Amino acid sequence: MRVKTTLLVSLFSFVAASCGPTKKNDLTDELFFGLLLLSQKNIVFRIVESANSQISVKNFRAGGSNPLPARFLNDGKLNHSVGCKKARLNIYTILVWEKGSVALGKERISNASAVVYDGDWIDNQNGGRMKVSYPLDSGKSFFGISGSGNVNPFAWKDGKYDRIGLKIGAIKCELDEAKLANSHNKYISYAMWYESETGKADPQHGRRSILNAYPFDSSVEKVNSINYFISATTGYLSLKDNAVYSPRIHRNAGTEAAELADPTNNPFWGLLTAPFTDRLDFEYLDNEYSMDRYNEDGLIVLDLPEGNRETLILDMYATNNFVYQTEPGLTSAKFSPIDFIKFDHKENEFQNYYLNSDFITTNGKYLDSWTLPTPGPNQPNPTADRHIGYFLPKFGISKE
């Protein structure tokens, strides 16, 4: 009841702020619509644990998943699967298609039969424009209200629709901490789709990557996070992609001045060999992410269950969200990143990081004085065929 009360208060505040005194009829209509929305059963987002996935998986197309990439197969190493315990979806758009209206695989935003939710475009703090996304947390229900006049938030209940499509901007995942030795690796952001109001004319349109939240957040429900690319050999912060930021790490006192004079192109970025300089690629195991509808419009399309559907359940499967390898026999080994370099972060300096003072005291300020660690049997090391990978989750739709 508390959730609905909070939503109702927010709804009153939203409507009151957006409607002037000359729009009393509009205000009444929007309040009635909001009360109706809150009274209806809606879409629930849940995570299906990997142990239960065989009995819980519903309404996804057979043959839609691929095995792990070749680097994980037939190498004699032990694969460990880590799933998301909690997640937040930032949803841009939800659409539905009528039966027979569009051939399977040809679904696009432009040919959708109805709109369930579509975030508005607003001005951002940088003087540009951004699309509003709805933050849907695992275990919670969707109560999205968008400003578009042609939205039908319960269209999916109508039996004439057989498919539902979601455009997700990002997924923030809290990994199962029981399988991690370092909480720095607990929170992952899948930056799935960069939305631009100019569409494909923007070279960044559709950009996607996998990021590590560092320093780590207190929960997946924290909207603002500091994201960095992930090293493919450590699962930790990838320094190479942050060459334009602090800290300025130098070979020795004699090279410091020259490296400071040209911070972006200085030789430092070629000095730190693996495990510190490589970037993990965006990956997936579900064929859904290879479809044209995803690559062109960012759409994940799922089959709606037949029959009466008062409540939909959006399932996200916690299987192989993160995979790491160890030497064989280490069945209980936790993932242990090689995080030799320690950093500090200053509040409100969102892109800058600094060498930790205790690290400098122990190891020295300059690279020449450091002794880089040798990866252990439970740590990633591609040269020894111990790999890691983060994979976009598989989704399905079921009903109560």
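## Exercises: confidence, a small sheet and some rings

In this predicted model, residues 1–24 have a pLDDT that stays under 50, and the model gives them 16 contacts beyond four places in sequence.

**Exercise 1.** Find another stretch with pLDDT below 50, then work out which element has the lowest mean pLDDT and which the highest.

*Solution.*
- Step 1: Move along to residues 26–39. Their pLDDT is below 50, and beyond near neighbours in sequence they have 23 contacts in the model.
- Step 2: Now go through the elements. Helix α3 (residues 53–56) comes out lowest, with a mean of 35, while strand β13 (residues 299–303) comes out highest, with 96.
- Step 3: Zoom out to the protein. Its mean pLDDT is 79, and 72% of its residues reach 70 or more.

**Exercise 2.** Take the open sheet of three strands and say which strands stand at the edges.

*Solution.*
- Step 1: Write down the order, β1-β14-β19, and note that the pairing is mixed.
- Step 2: Count partners. β1 (43–49) and β19 (395–399) each have a single partner strand, so they stand at the edges, with one side of each left without a neighbour in the sheet.
- Step 3: Check the twist. On average, and ignoring direction, neighbouring strands here are turned by 30 degrees against each other.
- Step 4: Look at one pairing. β14 (residues 312–318) runs antiparallel to β19, and five bridges join the two. Asp315 stands opposite Gly396 in β19.

**Exercise 3.** Decide how the rings of Phe322 and Tyr324 are arranged, and do the same for Phe340 and Trp370.

*Solution.*
- Step 1: The protein has 15 aromatic pairs to choose from. For Phe322 and Tyr324, the ring centres are 5.8 Å apart and the planes meet at 25 degrees, so this pair is stacked.
- Step 2: Are these two residues buried or exposed? Phe322 is buried at a relative accessible area of 0%, and Tyr324 is buried too, at 2%.
- Step 3: Phe340 and Trp370 are 6.0 Å apart centre to centre, with 70 degrees between the planes, which is edge-to-face.
- Step 4: Place them in the chain. Phe340 is in the loop between β15 (322–326) and β16 (343–344), and Trp370 is in the loop between α7 (357–363) and β18 (388–392), so the pair ties together parts 30 residues apart in sequence.
- Step 5: Buried means under 20%, so Phe340, at 15%, makes the cut, and so does Trp370, at 8%.

**Exercise 4.** Which residue has its charged end over the ring of Tyr194?

*Solution.*
- Step 1: Go to Arg207. Its charged end sits over that ring, 4.7 Å from the centre.
- Step 2: For one more ring group, pick out Trp193, Tyr284, Tyr289 and Tyr294, which form one aromatic cluster.

Methods
Residues are numbered from 1 along each chain as its sequence is written. This is a predicted model: local features need pLDDT of at least 70, side-chain atom pairs count only at pLDDT 80 or more; totals for chains, interfaces and linings use all residues. Side-chain values use heavy atoms; hydrogens and water are left out. Two strands pair if DSSP finds at least two bridges between them. Helices (H or I, at least four residues) and strands (E, at least two) are DSSP runs, numbered from the N terminus. Axes are lines fitted to C-alpha atoms, for helices over the stretch in contact, and angles run from 0 to 180 degrees between N-to-C directions. pLDDT is the predictor's confidence in each residue, from 0 to 100. Contact means heavy atoms within 4.5 Å. Rings of Phe, Tyr and Trp (its six-membered ring) pair if their centres lie within 6.5 Å; planes under 30 degrees apart count as stacked, over 60 as edge-to-face and the rest as tilted. Buried means under 20% relative accessible area, exposed over 50%, partly exposed in between (1.4 Å probe, protein chains only). A charge sits over a ring if NZ of Lys or CZ of Arg is within 6 Å of the ring centre and within 35 degrees of the ring normal.
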